[in-house]
Amino acid sequence: MKKTIQDLLTEAIKSIELFDAQLLLAHVINTSREFVIAHPEYKINCVKKFTYFQLVKKRNNGIPLAYLTCHKEFYGLDFFVNKYTLVPRPDTELMVDLVIKKIKEHKIKNAMLLDVGTGSGCIPISIATKVNIKTIATDISKKAIKVAKKNAEKHKVNLTCIHGSLLEQINDSLFLNNSSLIITANLPYLTDEQFNKEPSIQHEPKNALVAADNGLALYKELLEQINKKQITKPLTLFLEIDPTQSEKISIFIKKVFQKSSLHIHKDLSGHDRVVEIVLQ
Ligand SMILES: C[S@@+](CC[C@H](N)C(=O)[O-])C[C@H]1O[C@@H](n2cnc3c(N)ncnc32)[C@H](O)[C@@H]1O
């Protein structure tokens with residue numbers, strides 16, 4: 001028997017939040033959440049009803065909404081995501097804002113952006129839709145690289161995607177010509193303990209979230225790789241961190257790059273979130 005939108009939502013909110021129930025239903029019947037809200041009397045067939053309650057069950061088991069709908073909004077853009085990529089976080093929009101502001105305020109021309117650990121590609125793609133910049137992205141996960149490529153095509157951004165660990169597959173020439181280079185990285189920075197304590201992230205790939213050495217292992221390795229490069233151009237790095245790491249990472253940066261200026265930017269909640277390093 002056919003049921004209405006209202007019937008399905010009434011049943012679904014016994015186990016999941018109303019917002020999630022509406023979005024999942026909109027996804028199943030291929031419409032918007034606004035339509036679902038405005039048409040409680042709309043009839044849903046049995047096949048769609050079955051599909052819907054399977055998704056409701058998965059949501060109730062903690063699978064992120066974005067993995068069930070395969071979509072996540074980031075910086076006002078719609079990104080395709082799947083279980084191989086981290087779900088882009090609103091906190092990361094700060095880094096995008098900072099890069100765009102830097103390029104505009106300093107009137108940087110012919111800049112090159114390298115995003116390390118790109119996941120869905122949300123950082124370079126968001127930046128490239130707002131300013132004129134060449135973009136390269138790397139990730140250790142082949143499956144994440146595939147997703148980043150798909151998102152770049154969707155948003156018509158010319159993103160060069162390279163599979164590999166940190167800078168291993170990046171040509172030294174990137175550090176050598178005259179245009180400015182900006183490196184962004186939102187690499188895994190949680191500790192095992194932080195990961196285990198947070199139920200909401202258990203369905204996301206652990207290797208996209210956790211790093212050794214108090215969460216700093218990958219940032220330290222990246223900074224050491226950069227330090228070994230011959231660099232003949234202005235280089236700015238933006239690293240997203242956990243607020244508890246700002247002191248430890250600042251000490252490390254000052255040790256590796258004695259001639260650098262360092263600024264820690266706070267997120268909207270007032271927590272240290274992005275480290276900006278300008279190499280001189
Ligand atoms: C925290 S996620 C961030 C993804 C994306 N930048 C974002 O902000 O949504 C970290 C990403 O780094 C990648 N990663 C982990 N270790 C890496 C390594 N050694 N080299 C390159 N990428 C790595 C993971 O596969 C994952 O996609």
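## Close-up views of the predicted model

**Figure 1. Leu-113 is a buried residue, having 23 other C-beta atoms within 10 Å.** The model shown here and in the other views is predicted. Because a residue counts as buried once 20 or more other C-beta atoms lie within 10 Å of its own, Leu-113 with its 23 falls in the buried class. Leu-113 belongs to strand S5. Setting aside neighbours within four places in sequence, its contacts are Pro-124, Ile-127, Ile-133, Lys-134, Thr-135, Ile-182 and Thr-184. Met-1 is 112 residues from Leu-113 along the chain, and the C-alpha atoms of the two are separated by 55 Å.

**Figure 2. Strand S6 (residues 134-139) is largely enclosed by the rest of the structure, since 5 of its 6 residues are buried.** Strand S5 (residues 112-116) pairs with S6 in the parallel sense, over 5 bridges. Within this pairing, Ala-137 of S6 is the residue opposite Asp-115. Strand S7 (residues 159-163) also runs parallel to S6, and 5 bridges join these two strands. Here Thr-138 has Ile-162 in S7 as its bridge partner.

**Figure 3. Helices H7 and H8 belong to right-handed β-α-β arrangements that share strand S6.** One unit is made by S5, helix H7 (residues 122-128) and S6, and this unit is right-handed. From S6 the chain continues through helix H8 (residues 142-154) and crosses to S7, again in a right-handed β-α-β crossover.

**Figure 4. The ligand has 25 residues around it.** Those that come nearest are Gly-117, Gly-119, Ile-140, Asn-186 and Ala-208. By residue type, the shell divides into 13 nonpolar, 11 polar and 1 charged. Helix H7 and strand S6 each contribute at least two residues to this shell.

**Figure 5. Lys-156 is an exposed residue in the loop between H8 and S7.** Which sign does the phi angle of Lys-156 have? The phi is positive, at about 55°, although Lys-156 is not a glycine. Most residues other than glycine have a negative phi. Lys-156 has 9 other C-beta atoms within 10 Å. The limit for an exposed residue is 12 or fewer, so with 9 Lys-156 is classed as exposed.

**Figure 6. Tyr-75 sits in the loop between strand S3 (71-74) and strand S4 (77-80).** Tyr-75 is not a glycine, yet its phi is positive, at about 50°. Is Tyr-75 buried, exposed or partly exposed? Tyr-75 counts as partly exposed, with 19 C-beta neighbours inside 10 Å. The buried class begins at 20, so a count of 19 leaves Tyr-75 outside that class.

**Figure 7. Leu-55 lies in helix H4 (residues 46-60).** Leu-55 is buried, and 22 other C-beta atoms are found within 10 Å of its own. Which residues does Leu-55 touch, not counting those up to four places away in sequence? They are Leu-24, Val-28 and Leu-68. Val-256 is 201 residues from Leu-55 in sequence, and their C-alpha atoms are 49 Å apart in space.

**Figure 8. Strand S11 (residues 272-279) pairs with strand S9 (residues 235-240) and with strand S10 (residues 260-266).** S9 and S11 run antiparallel and are joined by 6 bridges. Leu-237 stands opposite Ile-277 of S11. S10 and S11 are antiparallel as well, with 7 bridges between them. In this pairing, Ser-261 has Val-278 of S11 as its bridge partner. S10 and S11 form a hairpin with 5 residues between them. Gly-270, in the turn of this hairpin, has a positive phi of about 85°.

**Figure 9. The protein chain is divided into domain 1 (3-61) and domain 2 (81-279).** The C-alpha centres of these two domains are 37 Å apart. The C-alpha trace of the chain spans about 70 × 40 × 35 Å along its principal axes. The protein chain has 11 helices and 11 strands. Of its 280 residues, 36% are buried. Among contacts with a separation of 6 or more, 65% are between residues 24 or more positions apart.

Conventions: Residues numbered from 1 in each chain as written. Predicted model: local features only at pLDDT ≥ 70, side-chain atom pairs only at ≥ 80, totals over all residues. Helix = DSSP H or I, 4+ residues; strand = E, 2+ residues; numbered from the N terminus. Pairing = 2+ DSSP bridges. Right-handed = clockwise from strand over helix to strand, strands pointing away. Near = placed C-beta within 6 Å. Nonpolar A, V, L, I, M, F, W, Y, C, P; charged D, E, K, R; others polar. Contact = placed C-beta atoms within 7 Å. Domains from an automatic or database assignment.
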